[in-house]
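Me: I am new to this structure and would like a close look at a single part of it. Could you choose one residue, say where it sits, and then work outwards from there in one connected account?

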Amino acid sequence: MIDHLVLIALILLGFGYWYHGQKVKEIAYRATQAHCQSVQVQMLDDYIAGNGLWLKRDNKGRLHLQRTFVFEFASTGDRRYNGKIIMLGQSVESIVMDPYRVDLG
């Protein structure tokens, strides 16, 4: 009986972790889209990929999961560049983009 309870608890814990991770990924995806639009570059493939997971404290000392996602973008359409968004909990900590070429036109 206890084995079944432990198994159910582990399954629920795993589902909760996955569900929360999907929620954070959606927030990161929307923030990445908005950032790319604001700097007038094109986010390629409409996709971000998980790249890392760490534990980190926020500025109030609370422990959160820090997730890193990577994405690709183009500025002039002829070359792909890489970018990275770092999430602390459900908040955007930073968005970093490789230096890219700007077509002055």
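Reply: Thr 68 has its place in strand S3, and everything said about it here rests on a predicted model. Strand S3 covers residues 63–74, and Thr 68 counts as buried because its relative accessibility is 5%, where the limit for that word is under 20%. If its neighbours within four places in sequence are left aside, Thr 68 is in contact with Ala 49, Gly 50, Asn 51, Gly 52, Trp 54, Lys 84, Ile 85 and Ile 86. To place these contacts, it helps to look at the strands that pair with S3.

One partner is strand S2, which takes in residues 49–57 and pairs with S3 in the antiparallel sense over 8 bridges. Within this pairing, Leu 55 stands opposite Leu 65 in S3. The two strands form a hairpin with 5 residues between them, and in that hairpin Gly 61 takes a positive phi near 90 degrees. A salt bridge also joins the side chains of Asp 58 and Arg 62, at 3.4 Å from N to O. Of these two residues, Asp 58 is buried, with a relative accessible area of 16%, whereas Arg 62 is partly exposed at 48%.

Another partner is strand S4, residues 81–88, which pairs with S3 over 8 bridges, again in the antiparallel sense. Here Phe 69 stands opposite Ile 85, and further along S3 the bridge partner of Phe 71 is Gly 83. S3 and S4 also form a hairpin, this time with 6 residues between the strands, and Gly 77 in its turn has a positive phi of about 95 degrees. Strand S4 is itself mostly covered, with 6 of its 8 residues buried.

There is also strand S1, made up of residues 42–43, which pairs with S3 in the antiparallel sense over 2 bridges. In this pairing, Gln 42 has Ala 74 as its bridge partner in S3.

From S4 the pairing carries on to strand S5, residues 91–97, since 6 bridges join these two strands, which run antiparallel. Ile 85, already named as a contact of Thr 68, has Ile 95 as its bridge partner in S5. The hairpin of S4 and S5 has 2 residues between the strands, and Gly 89 in the turn shows a positive phi of about 65 degrees.

Going back to S3, Gln 66 is another of its residues, and with a relative accessible area of 11% Gln 66 is buried as well. Apart from neighbours within four places in sequence, Gln 66 is in contact with Gly 52, Leu 53, Trp 54, Lys 56, Ile 86, Met 87, Leu 88 and Glu 93. Two residues in that list, Lys 56 and Glu 93, have side chains that meet in a salt bridge of 3.1 Å, N to O. Lys 56 lies in strand S2 and Glu 93 in strand S5, so this pair ties together parts that are 37 residues apart in sequence. Both ends of the bridge count as partly exposed, Lys 56 at 32% relative accessibility and Glu 93 likewise at 32%. Gln 66 and Asp 103 are also 37 residues apart in sequence, but their C-alpha atoms lie 35 Å apart in space.

Charged side chains also meet towards the other end of S3. Arg 80 forms a salt bridge with Glu 72, with the closest N and O atoms 2.3 Å apart. Arg 80 is partly exposed at 44% relative accessibility, and Glu 72 is partly exposed too, with a relative accessible area of 29%. Salt bridges with shared partners join Asp 45, Glu 72 and Arg 80 into one network. In the whole structure, a search finds 5 salt bridges.

Aromatic residues finish this picture of the strand and its surroundings. Phe 71, whose bridge partner is Gly 83 in S4, belongs to one aromatic cluster together with Phe 73, Tyr 81 and Tyr 100. The structure as a whole holds 6 aromatic pairs.

Note on methods
Residues are numbered from 1 along each chain as its sequence is written. This is a predicted model: local features need pLDDT of at least 70, side-chain atom pairs count only at pLDDT 80 or more; totals for chains, interfaces and linings use all residues. Side-chain values use heavy atoms; hydrogens and water are left out. Buried means under 20% relative accessible area, exposed over 50%, partly exposed in between (1.4 Å probe, protein chains only). Helices (H or I, at least four residues) and strands (E, at least two) are DSSP runs, numbered from the N terminus. Two strands pair if DSSP finds at least two bridges between them. Rings of Phe, Tyr and Trp (its six-membered ring) pair if their centres lie within 6.5 Å; planes under 30 degrees apart count as stacked, over 60 as edge-to-face and the rest as tilted. Contact means heavy atoms within 4.5 Å. A salt bridge is a side-chain nitrogen of Lys or Arg within 4 Å of a carboxyl oxygen of Asp or Glu.
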